[in-house]
Each structure stands twice: as C-alpha cells, then as structure tokens.
Amino acid sequence: MSGIAKREEGTREEGIVMPHKGGRAGLMIFAVLAVAAIIVVAAIATGMLSFGGEKGTVTLSGAGATFPMPLILKWADEYYNETDERVQVNYGGGGSGAGITQIKDKHVDFAGSDAPLSATESSTFGLVHIPETLGAVVVAYNEPSIADLKLDGPTIARIFMKNITVWNDPAIGALNPGVTLPTDSITTVVRSDSSGTTFVFSGYLAKVSTEFDTLYGQGKSVIWPDAIGASGNPGVTQTVKTTAHSIGYIELAYAIENDVPFAQVKNHDGNFVVASLESTSAAAAGVTLPAGDGDWSQVNILDSPGANAYPIASFTYILIYKELYNEESEMNKTAAEELVSFLWWAVHDGQEYADELHYAPLPASVVEINEATLESITYEGATVR
Amino acid sequence: MNNFKRRKLVNMLASGVALTCVVLAVVPLIYILIEVVRIGAPAIDWEFLTSRTKGTGEPGEGIGNAILGTLLLVGYASAIGLPIGIFTGIYVSEFGNNRFGETVRFFNDILANFPSIVIGLLAYALVVDYMDVGFSLIAGAFALAIIMIPIVANTTEEALRMVPNSLREGALALGVPRRRAVMRIMLVNAKAGVVTGSLLAVARIAGETAPLILTAFYSNYWSASPFEPIASLPQTIFRNYNSPSEVLLQQAWGAALVLITIVLAINISVRLLMRSRTKKSKAVKKTWLTRLSLRA
C-alpha cells in the first residue's frame with residue numbers, strides 16, 4: 001500500500017531539524033551523558049565520605065549453601081548491632097558448590113557448605129570445618145485424606161524410584177494401619193537444581209536402600225525417574241502445595257512456614273519420629289566427630305541411632321582457612337580477628353536464634369569441637385584468638 | 001455476490017484472529033501489572049523504602065539500600081556503556097563501510113544476543129578475579145555496561161541510518177567538516193532514536209539479576225563505595241523469594257513494584273522531555289520543509 005510508504009517518508013521528514021537549531025538539541029544527548037557522569041562523581045563522593053570511609057568498619061563476605069542462609073543473615077544482623085554497627089557480614093548464597101569455588105579463589109572470607117569436603121580437599125587447601133547448625137529434610141505431601149502419614153526409609157526410596165506408584169500400595173498400608181488410603185497415583189516432586197537438600201535426602205535413601213544406592217546414589221543432583229522438577233526449596237514447596245496427590249522433599253523450615261504436612265519417618269531404633277528441632281539435635285548427639293582440621297568427609301548423622309533421633313538430618317558447615325593470611329585475599333589482621341570473633345559468637349550466642357528460624361541448636365559436644373577449631377586459627381602463624 | 005460474502009467472511013475471520021492475538025499478547029502484561037500492584041502495594045510504606053534489607057523477615061526491614069544500589073549500578077554502567085555504545089554506533093554507521101566496520105557490526109549483533117549470565121561470568125573472571133577488584137559495585141557496573149553497549153550501538157546505528165542521505169551529502173557539499181556533519185547534523189536528527197535506545201538499555205540492565213550475582217554480590221548494609229559489594233532490587237527480589245519467610249515474600253513483590261516504577265519513571269520522563277523539545281522546533285521545521293518543496 002502506498003499509504004504506508006508515504007507515512008514512513010512523513011516521519012522521516014518530521015525528524016529533520018535545521019542545523020542551527022540542532023546544535024542545542026545535540027547538546028541534549030551529551031547532557032544525558034553529563035548527568036550520568038555527575039551521578040558517578042556524586043556516588044564516589046558519597047562512597048568515600050559517608051560510607052566506605054567510615055572508620056573501623058570491617059566487611060566480611062561469605063557465600064555458599066542457601067540452606068543456612070536465613071540463620072546466617074539473622075546472625076549478621078544481630079552481630080552488626082552487637083558490635084555497634086562496626087562489623088558487616090555479607091552472605092551471598094549461591095549454593096554449596098559456588099561457596100567452595102569462591103573460597104578457593106579467595107574472593108570470600110568464609111564459605112557455607114552442606115556437604116563436607118573430601119579429606120584431600122580440606123588438607124590441600126588448608127580449610128577447616130565449623131558445623132554451625134543442623135537441619136532436617138522432611139517428606140512433604142499433598143493428600144488431604146491422610147492426616148498423619150507414616151513412612152520408613154525403604155518405602156520412601158521405593159516411592160521416589162517409582163516402584164510404588166499409588167497411595168494405597170500395601171507397603172504404605174502396612175505402615176499406616178487403620179488409615180483408608182486413596183487409590184490415586186503418587187506424583188513425586190524433586191529439586192531440578194543442584195542442591196544440598198538433594199544431597200542429604202539422596203544420602204539418606206542410599207543409606208537405607210541398597211537398590212537406591214546402586215541405581216542412583218548420593219548426589220547434589222539426582223536423575224529421578226518420572227518426577228516433577230522444581231527450583232529451590234520454595235519451588236518444591238509450592239509445587240507440592242498445588243499438585244494433588246504429590247510428595248516431595250524440602251527443608252523443615254519451609255514446611256513449617258508454609259503449613260505443608262510432612263510424614264513421620266521411622267528411625268534407626270524403629271520409632272516413628274516427627275521432624276522437629278529436638279529430634280534433629282538428637283540425631284547429632286550420638287556421633288563422634290573429628291577435629292576441625294581433620295577429615296569430615298565421613299561424618300554423617302543420617303539414620304543415626306537414638307530413640308528420638310530424626311533420621312534425615314545433617315550438619316551444615318562454615319569453611320574457613322586455618323591460616324587466614326594469604327597474599328591473594330589480602331585479608332588484614334583486624335578482619336581476621338573479626339571473622340573468628342563472629343564465628344565464635346555464632347556458635348555460642350548465635351545459637352539462641354536457631355530455634356525461631358527452625359534450625360536445630362548445636363549440641364554441647366559440637367560447640368566444644370568448634371571452640372577448639374576457632375582457637376587453632378592463625379594469622380601469619382600466630383593464633384588469632 | 002457469493003464471492004463478496006466469502007471475502008467478507010474471510011476478512012472478518014482474519015481480523016478476529018489478529019484481535020485475539022493482540023488480546024493474548026496484552027493480557028499477560030496487564031495481569032502482571034495488576035498482580036504486582038495488588039500484592040506489592042500493601043508492602044510499601046515510608047519505612048520500607050528507607051530502611052535497609054536484613055533478610056530476616058522481621059519488622060523494620062526495607063529495601064532502601066537496594067534502591068540506592070540499583071540506581072548506582074545503573075548510573076555507573078550508563079557512564080561507562082552509553083558513550084562507548086553511542087560512539088560505536090556512530091562509527092559503524094558513518095565510517096564503517098569497510099571490512100572492519102562489518103566485523104564490528106557482526107560481533108555487536110552476537111554480543112547483543114549473548115546470555116547475560118555469560119557476560120556476568122566474563123566480568124567475574126576479568127574484574128573480580130584477574131584484576132582482583134573483588135565483588136564490588138564497579139564489577140557489577142562493568143558487566144551491565146557490556147550488556148548495554150551492543151543495544152545502544154545498534155539503535156544508534158539504526159537511528160543514524162534513518163536520517164536521509166541528502167542531509168549528510170548536503171552538509172558535506174557545503175564544506176562542513178565530517179566530524180561536525182556527524183555530530184551537529186546526523187546525530188541531532190537521530191537523537192530520538194539514540195535516546196530511545198539508551199533508555200531501552202537502561203531499562204534492560206535495571207532488571208538484570210544473573211550478572212550481578214557473580215559481580216556485585218550483595219550487601220544488607222548501606223553501602224555506596226565502588227569497591228564494596230552492593231545490593232540491588234532484582235537480587236533482593238530473588239533472595240526474598242528464596243527465603244521461607246512470608247513477610248520477605250511479600251517484600252519481594254513490593255521490591256518488584258518499586259523496580260517497575262523506577263524503570264517506567266525514567267522512560268516516561270525522558271519521553272515527555274523529548275516530546276516538548278520536538279514540539280518547539282516544529283514551526284521551524286515546517287517553514288524549512290516548505291522552502292525545500294518550493295525549491296524543488
């Protein structure tokens with residue numbers, strides 16, 4: 001159509017500006033640039049004057065596991081007040097793997113990891129483990145007709161391996177006597193991203209089911225058969241909540257905060273245990289732990305003995321260098337002292353905040369090990385604490 | 001007659017399909033806006049806008065430092081990216097009729113479609129790691145600037161190409177130096193396109209999350225230093241979403257509303273500014289056009 005062509009020409013001509021008029025308008029583009037430049041200058045000024053230059057402020061950075069993130073952020077905030085707004089702790093999350101990479105590259109002062117390092121890794125890099133809290137993974141479900149689901153390890157493994165596909169399977173029936181189970185088929189919901197939660201959950205299944213161990217094994221990401229994948233704990237929580245007849249695994253805190261029912265799990269002693277802070281702490285009470293700079297790779301509180309121990313529990317660790325001085329990170333002595341003080345505070349006073357955020361406080365035996373570890377941290381060869 | 005009826009029917013069908021498509025395209029946009037306002041608005045009050053983030057979901061938490069962080073990141077990134085982008089566009093359009101110009105154009109097109117996470121990774125490897133600046137505002141701004149450059153360069157080039165060739169030739173024929181012809185005639189007539197392109201780029205980077213995770217990191221404190229980690233609105237939304245706290249989830253919607261408002265405000269205000277400028281010069285243009293047509 002000729003109309004279109006005409007209109008196009010029209011707009012083109014409309015845009016033409018006389019040269020002498022244009023000089024002023026041309027300035028506009030540069031005015032925009034100038035404004036941007038002014039913003040930058042102002043920013044640098046504010047940065048130097050009111051914030052960055054504040055005397056005595058120490059910034060510590062950490063990254064890694066998202067599982068303990070709410071607790072670490074709570075600590076950061078409380079400790080900031082505790083130190084009269086002198087020590088700022090940033091925690092970037094990003095997952096256990098990212099945290100380990102970044103502390104190896106020395107871009108962060110501490111890393112969070114749900115999985116312990118291998119013996120060679122921790123000795124090669126000189127990193128120590130500081131278990132800072134405990135967490136539980138629960139089996140959340142959406143089947144309103146079952147008020148109080150009871151499961152055991154092998155059955156959970158068979159559900160997630162798709163050997164059990166309907167709710168009224170005899171194996172589930174045997175664990176829930178007297179409960180009328182629906183005939184619907186079970187939808188499994190799993191993490192689509194690599195995660196510490198999957199690591200803990202698959203570790204438990206591998207421990208209680210040899211079939212799961214040989215077919216899938218423990219890992220941060222597992223190729224689950226025929227399951228709905230969702231990202232992060234919130235993703236799995238929402239998917240379970242909105243998918244009828246589904247079952248999935250999430251951290252305890254997400255189940256409680258979102259009112260999602262979760263199953264009681266049969267523990268090592270044969271009791272059905274509800275995941276709670278007490279039953280999670282109980283899982284850690286009986287284990288023998290290495291020293292902070294020792295080999296933690298075999299530490300495991302899954303399916304641990306104890307009448308009230310919840311079986312799908314795990315430590316989550318903070319990793320720091322045993323010798324805090326190194327040329328790459330340029331960490332100064334003050335920062336090193338503040339890092340150790342912060343962690344000391346976190347494993348003592350900080351534990352009182354665990355409860356409200358649904359983390360299990362550390363048993364006294366673990367706190368003692370952490371004390372020894374923190375006392376052994378050095379800066380240029382001299383102990384910091 | 002039958003044929004006419006059939007054609008009318010086909011016409012109506014086609015219009016119907018087109019209209020349905022328009023509705024389908026617009027509905028999600030309106031839905032998003034309504035949802036963001038519906039859920040986000042109750043979270044917004046003065047304290048929310050002026051307090052810092054904490055990540056704990058307790059009362060007294062806000063997004064003030066994230067708003068400041070986003071403004072600073074966009075400001076720094078624009079200061080780096082806009083001049084480079086605009087001058088690249090000028091070069092490719094006005095001086096790029098050769099092998100080198102073609103190559104620049106080619107790589108610009110590739111860069112424009114690069115996943116932003118890869119650009120974040122580049123900024124991480126180069127600025128954070130190799131140059132050893134560490135996680136910082138400036139590393140984040142560098143990544144965002146690289147995302148801006150191809151967008152600004154491409155739109156600047158397009159805008160300059162829209163300017164009639166006769167203007168360029170006319171200026172040069174009058175003995176105007178090439179530099180002045182480009183800066184005072186070509187660029188001026190292309191300014192609407194250039195400004196629009198710059199705005200598009202600003203709006204695009206204001207909402208970027210992935211490259212910032214690897215570069216600007218995050219800080220729950222008031223920080224404006226270029227060499228310290230800094231918060232940003234998109235990252236606040238992501239972090240709050242990942243938290244188990246219901247309060248923080250609602251604050252994520254609040255932060256989304258603020259982010260959308262900031263982007264829209266920049267957009268609309270500059271557009272209004274541009275329009276009033278154009279109106280003023282309309283009278284001049286008309287006489288000039290009449291003169292041109294008279295001469296022809």
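Colleague: Which residues have the most contacts inside the largest nonpolar core?

Modeller: Val138(A), Val139(A) and Ile312(A) do, in a core of 96 residues. Bear in mind that this is a predicted model. Strand β4 (residues 127-142) of chain A gives the most to this core, with ten residues.

Colleague: What makes it a nonpolar core?

Modeller: The term asks for buried residues of the nonpolar kinds, such as Val and Ile, joined through C-beta atoms within 7 Å. The 96 residues form such a set, and Val138(A) is one of those with the most contacts inside it. A second, separate core has 73 residues, including Ile63(B) and Leu259(B). As background, nonpolar side chains in soluble globular proteins tend to be buried together.

Colleague: Which residues does Val138(A) touch, leaving out those up to four places away in sequence?

Modeller: Ile250(A), Leu252(A), Ala255(A), Phe262(A) and Ala275(A). Touching here stands for C-beta atoms that lie within 7 Å.

Colleague: Why is Gly97(A) called partly exposed?

Modeller: Gly97(A) has 17 C-beta neighbours inside 10 Å. Buried would need 20 or more and exposed 12 or fewer, so with 17 Gly97(A) counts as partly exposed. Gly97(A) belongs to helix α4 (residues 96-104) of chain A. From Gly97(A) to Ser304(A) the C-alpha distance is 26 Å, with their positions 207 residues apart in sequence.

Colleague: How do you know that both faces of strand β3 of chain A are covered?

Modeller: Look at each side of β3 (residues 110-113) in turn: Phe110(A) and Gly112(A) are buried on one, Ala111(A) and Ser113(A) on the other.

Colleague: What shows that β3(A) pairs with β1 and β11 of chain A?

Modeller: Pairing takes at least two bridges. Strand β1 (residues 58-64) is joined to β3(A) by three bridges and the two run parallel, with Gly64(A) opposite Gly112(A). Strand β11 (residues 313-321) also has three bridges to β3(A), but in the antiparallel sense; there, Leu319(A) is the bridge partner of Ala111(A). Three bridges meet the requirement of at least two, so both pairs count.

Colleague: Why are β5 and β10 of chain A said to stand at the edges?

Modeller: Their open sheet of three strands has the order β5-β9-β10, with mixed pairing. β5 (150-151) and β10 (272-273) each have a single partner strand, so one side of each is left without a neighbour in the sheet.

Colleague: How many bridges link β9 and β10 of chain A?

Modeller: Two, in the antiparallel sense, with β9 covering residues 264-266. Val273(A) in β10(A) is the bridge partner of Val265(A). Two bridges satisfy the rule of at least two, so β9 and β10 count as paired.

Conventions
Residues numbered from 1 in each chain as written. Chains lettered and ligands numbered in written order. Predicted model: local features only at pLDDT ≥ 70, side-chain atom pairs only at ≥ 80, totals over all residues. Helix = DSSP H or I, 4+ residues; strand = E, 2+ residues; numbered from the N terminus. Contact = placed C-beta atoms within 7 Å.
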